[in-house]
Amino acid sequence: MTAVLISIVAIGAALLVAVMVIGPALFGAPWHPISRKDLKRALDFCGTKPGERVVDLGSGDGRVLIAAARDYGLLGTGIEIDPLKVWLANLRVRFAGVQDKVKIVRANLFEYDYREADILFIYLTHQALDKLFPKILEQLKPNAKILCYRFCIRNMTPDKVNADKTLFLYTLNKGTWVNQFR
Ligand SMILES: C[S@@+](CC[C@H](N)C(=O)[O-])C[C@H]1O[C@@H](n2cnc3c(N)ncnc32)[C@H](O)[C@@H]1O
């Protein structure tokens, strides 16, 4: 009886993890959280100013925004399609004591309006990036920054790339070049 119960719980847990990790791939990208080390490197690389708003497209467990708020004084918005991750991220945000700085929104990142963003943090696939760009540029502030982790944006030249080519930083300068992507 105990063995049957343990098996049921184990299968349930495995199914839950599969749904959380692989399920979102159907909507844009699977769940693969950035490592703590790379997260610090990414935020340092971006050159942020306290009070700027960073929006994480597919915010997972909220780690990017929690570190950004706690260690860099940034405001954060997380867009996440998976309700379980929204719940988990909200729990972690409260636990980290940054609920006054970070909000997690349950939404489809392809339908969100990004005009409030000073910085976009993007860890998605090339397919998702192709779907977002160049359309999303129209919504962004004139000097918004876009920080891409692992996957770069097609047809856009980054201002900065790190040595191992995992971080790509784009700074918009609307009025001088954004129209060429229309
Ligand atoms: C590669 S993970 C990155 C997680 C987090 N940004 C990080 O760096 O740790 C991609 C995240 O995007 C979410 N996602 C995938 N498609 C989405 C969509 N259409 N709208 C919102 N979130 C989505 C997934 O659930 C997953 O949490």
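## Ground rules and helix α3

Helices here are DSSP runs of H or I with at least four residues, numbered from the N terminus. Keep in mind that this is a predicted model. With that settled, look at the end of α3: just after this helix, Gly73 takes a positive phi of about 70 degrees.

Which residues of α3 are buried? They are Val64, Leu65, Ile66, Ala67, Ala68 and Ala69. Quite a few elements help to cover them, including α2, β1 (53-57), β2 (75-80), α4 (83-96), β3 and β4.

## The nonpolar core

The largest nonpolar core holds 46 residues, and Leu120 and Leu147 are the ones with the most contacts inside it. Helix α3 (residues 63-72) gives this core its largest share, six residues.

What does Leu147 touch? Leaving out residues up to four places away in sequence, its contacts are Ala42, Cys46, Ile119, Leu120, Phe121, Ile122, Leu167 and Leu169.

## Helix α2 and its buried side

Two of those contacts of Leu147, Ala42 and Cys46, turn up again in helix α2. The buried residues of this helix (residues 36-46) are Leu39, Ala42, Leu43 and Cys46. Their arc around the axis is only 90 degrees, so they sit on the same side of α2. The helix geometry fits with this: an α-helix has 3.6 residues a turn, so residues three or four places apart point the same way.

What do the buried residues of α2 pack against? Their partners are α3, β4, β5 (145-149) and β7 (167-171). Just after α2 comes Gly47, which takes a positive phi of about 65 degrees.

## Strand β2 and its neighbours

β2 is mostly covered, with six of its six residues buried. Leu75, Thr77 and Ile79 point one way from the strand, while Gly76, Gly78 and Glu80 point the other way, and all are buried.

On one pairing, β1 and β2 run parallel over five bridges, and Asp56 stands opposite Gly78. Between these two strands the chain crosses through α3, in a right-handed β-α-β crossover. β2 also pairs with β3, again in the parallel sense and over five bridges; there, Thr77 has Lys103 of β3 as its bridge partner. Together, β2, α4 and β3 form a right-handed β-α-β unit.

## Strand β5 between β4 and β7

How many of the residues of β5 are buried? Four of its five are, which makes the strand mostly covered. β4 and β5 run parallel and are joined by four bridges, with Ile122 opposite Cys148 in β5. To get from β4 to β5, the chain passes through helix α5 (residues 126-132), and this β-α-β crossover is right-handed.

With β7 the pairing goes the other way: β5 and β7 run antiparallel, joined by five bridges. Tyr149 has Leu167 of β7 as its bridge partner, and Leu167 is also one of the contacts of Leu147.

## Tyr114, a loop residue

Is Tyr114 buried or exposed? This tyrosine lies in the loop between β3 (102-106) and β4 (119-122), and it counts as buried because it has 20 C-beta neighbours inside 10 Å. The cut-off for buried is 20 or more.

Not counting residues up to four places away in sequence, Tyr114 touches Val55, Leu120, Ile136, Gln139 and Leu140. Ile136 is 22 residues from Tyr114 along the chain, and their C-alpha atoms are separated by 7.7 Å. Leu120 is a familiar name by now, being one of the two residues with the most contacts inside the largest nonpolar core.

How values were computed
Residues numbered from 1 in each chain as written. Predicted model: local features only at pLDDT ≥ 70, side-chain atom pairs only at ≥ 80, totals over all residues. Core = buried A, V, L, I, M, F, W, Y, C linked by C-beta atoms within 7 Å. Buried ≥ 20, exposed ≤ 12 C-beta atoms within 10 Å, placed from the backbone. Contact = placed C-beta atoms within 7 Å. Arc of directions from axis to C-beta. Pairing = 2+ DSSP bridges. Right-handed = clockwise from strand over helix to strand, strands pointing away.
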